Number of protein chains: 2
Amino acid sequence: MFEKIPKPVARRLAIYYRVLKEQSKNGAETISSSSLGRMLDLKPSQIRKDLSYFGGFGKRGTGYNVIDLMKSIEKILGIDKRWNVLIIGAGKIGRALANYPGLIQDGFTIKGIVDVSEKKIGKTIDEHLTIEDVAEMEKIIRERKIEIGVLCVPSDVAQKVLNSVIQYGIKGIVNFVPKRLKAPKDVMIEDVQISLSFKALSFRMVNSER
Amino acid sequence: MFEKIPKPVARRLAIYYRVLKEQSKNGAETISSSSLGRMLDLKPSQIRKDLSYFGGFGKRGTGYNVIDLMKSIEKILGIDKRWNVLIIGAGKIGRALANYPGLIQDGFTIKGIVDVSEKKIGKTIDEHLTIEDVAEMEKIIRERKIEIGVLCVPSDVAQKVLNSVIQYGIKGIVNFVPKRLKAPKDVMIEDVQISLSFKALSFRMVNSER
DNA sequence: TAGATTGTTAATCGATTAACAATC
DNA sequence: TAGATTGTTAATCGATTAACAATC
């Protein structure tokens, strides 16, 4: 029924979305695949193909209506609704994400942040989120209808913590832990591995003559 | 002369490196592509192929010597030396990275963090890094021989800041700004786009039936 | 109608994988 | 020698791109 969608497409849609949002603020009414391509250094045909997996959003001769396409991509990406998010681990990264405006703006609501450390529990982040006890996690997940967990715990406990949150019903994980985690296939994991990006950069800097 | 190396290889090497480091701590002496593959959910042939771009590191019948392979990958990735890093922008993300242990351990030395805000300049992060004035950036980059800049500034000034640091001689950028930045091709940019990962997760959660 | 731009097909390019001879 | 595992080739798979008819 559906044509298979290449993996890189989702991320590119999110990139198109970002540009469209910006363009709509600037008052642009329409945009063509070639102008979008120029802004993003992508081939126009790739943009058209990416969109074509989900429908025909453009008008021949004119291009795409900025607002309409933005709304359509919002639906495709599932950010036309808000997702309830729990941050697990109040270390540096966890706390930095707690009020990350990029997330809050685009459909993600941080409903809580938990940690094990006595010292951290009870502390407030930017006057509106209080670090809670990880022991309360099950209750928090169920009562606040948490759908996405952001894993920012030490590597050695990551798999254990993941197993718990999955038991409590979470279906999506953004994983900041530098470790391959196992989960049932109905649980989606997206890895954000900052230190891999640094190493990839190092590699490119060292091997750039090739 | 050299066979072209597929883009995903650098990141996988960094992943192999992580596992090898772990394994060497556990006292493992050798590892085979199939056991590594099992741990990482990768095909053994992919691992062997990835390594083969850079040499023959294994011994037939036995596998790879853990320490030797680790050292070899360190060289390939360019993390056998230390890189001097400047964090540009002392917002949440910038400050979180300032003492990120994952970086410090694996070859990256944070030599400074700068910001424009009067309020932030002079403040100390974790008792060992002081936020400096972005006006000092040129001096800092030249004197401390900064090679890598970590861009954590607001989107609207990102390209301008990037242009400056490139002028000051920086050759590598880890970009946390959600924007496509332009740079001469001898300057390497690695994008870390956290909000794209959240959107990609949302996409997968919504479209998982497909 | 003429010009612009889409949506889609088919060709190309790039990455992964299976298979197996080489060899420890 | 027999068993294990590499390094490498060739086949397969997946993603991108060019090309163009359709159509606004």
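This report describes the domains of chain A, the protein surface near DNA strand D and the largest cavity in the structure. The model is a predicted one, and the values given below are all computed from it.

**Domains of chain A**

In chain A, the domain assignment gives domain 1, which covers residues 9–75, and domain 2, which covers residues 83–196. Between the C-alpha centres of domain 1 of chain A and domain 2 of chain A there is a distance of 32 Å.

**The surface near DNA strand D**

DNA strand D is surrounded by 26 residues, and the closest of these are Arg60(A), Ser33(B), Arg48(B), Gly58(B) and Tyr64(B). When the residues of this surface are divided by class, 12 are charged, 10 are polar and 4 are nonpolar. Several elements supply at least two residues each to the surface near DNA strand D, namely helix H3 (44–52) of chain A and, from chain B, helix H3 (44–52), strand S2 (58–59) and strand S3 (63–65). The element that gives the most is H3(A), with 4 residues.

Which parts of DNA strand D do the atoms within 4 Å of the protein belong to? Of these atoms, 62% belong to sugar or phosphate, while the rest belong to bases. Contacts with both bases and phosphate can be named individually, and the table lists three of them, each involving a polar atom of a side chain.

| Side chain | Atom of DNA strand D | Distance |
|---|---|---|
| Arg60(A) | base nitrogen | 2.6 Å |
| Arg48(A) | base nitrogen | 3.4 Å |
| Tyr64(B) | phosphate oxygen | 2.8 Å |

Arg60(A), which has a polar side-chain atom 2.6 Å from a base nitrogen of DNA strand D, is also listed among the residues closest to that strand. Tyr64(B) is likewise one of the closest residues, and an N or O atom in the side chain of Tyr64(B) lies 2.8 Å from a phosphate oxygen of DNA strand D.

**The largest cavity**

The structure holds 1 cavity of 30 Å³ or more, and the volume of the largest cavity is about 40 Å³. Its lining is made up of Ile93(A), Ala96(A) and Ile194(A) from chain A, together with Ile93(B), Ala96(B), Leu97(B) and Ile194(B) from chain B. Two elements give two or more residues to this lining, helix H5 (92–98) of chain A and helix H5 (92–98) of chain B, and H5(B) gives the most, with 3 residues.

What is the make-up of the lining of the largest cavity by class? The lining has 7 nonpolar residues, with no polar and no charged residues, whereas the surface near DNA strand D includes 12 charged residues.

Conventions:
Residues numbered from 1 in each chain as written. Chains lettered and ligands numbered in written order. Predicted model: local features only at pLDDT ≥ 70, side-chain atom pairs only at ≥ 80, totals over all residues. Heavy atoms only, no water. 1 Å grid on protein atoms, 1.4 Å probe; cavity = no way out; pocket = protein on both sides within 12 Å on 5 of 7 lines; lining within 4 Å. Points joined across faces, edges and corners; volume = space filled by probe spheres on them. Nonpolar A, V, L, I, M, F, W, Y, C, P; charged D, E, K, R; others polar. Near = heavy atom within 4 Å. Polar contact = N/O pair within 3.5 Å; in protein donor to acceptor, adjacent residues only side chain to side chain. Domains from an automatic or database assignment.
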